[in-house]
Amino acid sequence: MPSICRPLLHQHLAKADRCRRRNFLDTDVAANPQSLDSYIQYIEVVLQKTIDGAAALGSLLTRIDMQTTFGQTLMATIEKGGGRLLDADMNETSTRLKALQTREQLGIQALQIANSNAQNILQLFR
């Protein structure tokens with residue numbers, strides 16, 4: 001509530017407090033016509049406070065809904081990003097493994113070629 005409206009509300013409350021918050025269902029308006037204006041003012045003030053409270057609750061509910069949606073979206077994005085990082089890490093690891101396996105195969109083939117050439121040369125001397 002703006003600070004400008006607060007003094008007006010306090011004035012209305014002060015006027016309404018004059019009727020000392022009586023039970024309005026038990027009030028005989030015909031017997032007390034001079035108090036009718038204060039009763040009406042009090043009811044208007046209480047009604048306005050109720051409306052202001054409902055508006056504040058509605059505003060808070062909207063804010064909570066927005067924050068809940070943001071949190072859910074953030075969690076989904078983090079989970080998705082984590083999955084992508086894991087996939088990228090697995091791809092990198094797989095690529096390294098393939099490279100090491102290829103090096104091993106090339107090394108084995110090089111040793112086989114070297115051994116076969118040495119045996120061929122030894123056969124020439126026999």
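Which helix is Ile40 found in? Keep that in mind as you click around this predicted model.

**Stop 1: the whole protein**

Start by showing everything as a cartoon. You should be able to pick out 2 helices and 0 strands. Now switch on the surface: it comes to about 11000 Å², and carbon and sulfur atoms account for 61% of that. What share of the 126 residues is buried? Just 8% of them.

**Stop 2: colour by confidence**

Next, colour the chain by pLDDT. The average for the protein is 79, and 77% of the residues score at least 70. Then select residues 1-5, where pLDDT stays under 50. For this stretch the model has 3 contacts beyond four places in sequence.

**Stop 3: helix α2 and Ile40**

Select residues 36-125. This is helix α2, and here is the reply to the opening question: Ile40 is found in helix α2. Zoom in on the Ile40 side chain. Is Ile40 buried or exposed? Somewhere in between: its relative accessibility is 38%, so Ile40 counts as partly exposed.

**Stop 4: a nonpolar patch**

Keep Ile40 selected and add Val29 and Leu36. Together, Val29, Leu36 and Ile40 make a nonpolar patch on the surface. Their combined accessible area is about 210 Å². Try giving the three of them one bright colour, then turn the surface back on to see the patch.

**Stop 5: the salt bridge**

Now move along helix α2 and select Glu92 and Arg96, which both lie in this helix. They sit 4 residues apart, about one turn of the helix. Show their side chains as sticks, and you'll find them meeting in a salt bridge, with 2.7 Å from N to O. How many salt bridges does a search of the whole structure find? The count is 1.

Before you leave, check how open each partner is. Arg96 has a relative accessible area of 55%, above the 50% cut-off, so Arg96 is exposed. Glu92 has 41% relative accessibility, so Glu92 counts as partly exposed.

Technical notes: Residues are numbered from 1 along each chain as its sequence is written. This is a predicted model: local features need pLDDT of at least 70, side-chain atom pairs count only at pLDDT 80 or more; totals for chains, interfaces and linings use all residues. Side-chain values use heavy atoms; hydrogens and water are left out. Patches are made of residues with over 30% relative accessible area and no salt bridge: like charges are joined within 9 Å, nonpolar side chains (Val, Leu, Ile, Met, Phe, Trp, Tyr) within 5 Å. Accessible areas come from the Shrake-Rupley method with a 1.4 Å probe; for residues, only the protein chains shown count as cover. A salt bridge is a side-chain nitrogen of Lys or Arg within 4 Å of a carboxyl oxygen of Asp or Glu. Buried means under 20% relative accessible area, exposed over 50%, partly exposed in between (1.4 Å probe, protein chains only). pLDDT is the predictor's confidence in each residue, from 0 to 100. Contact means heavy atoms within 4.5 Å.
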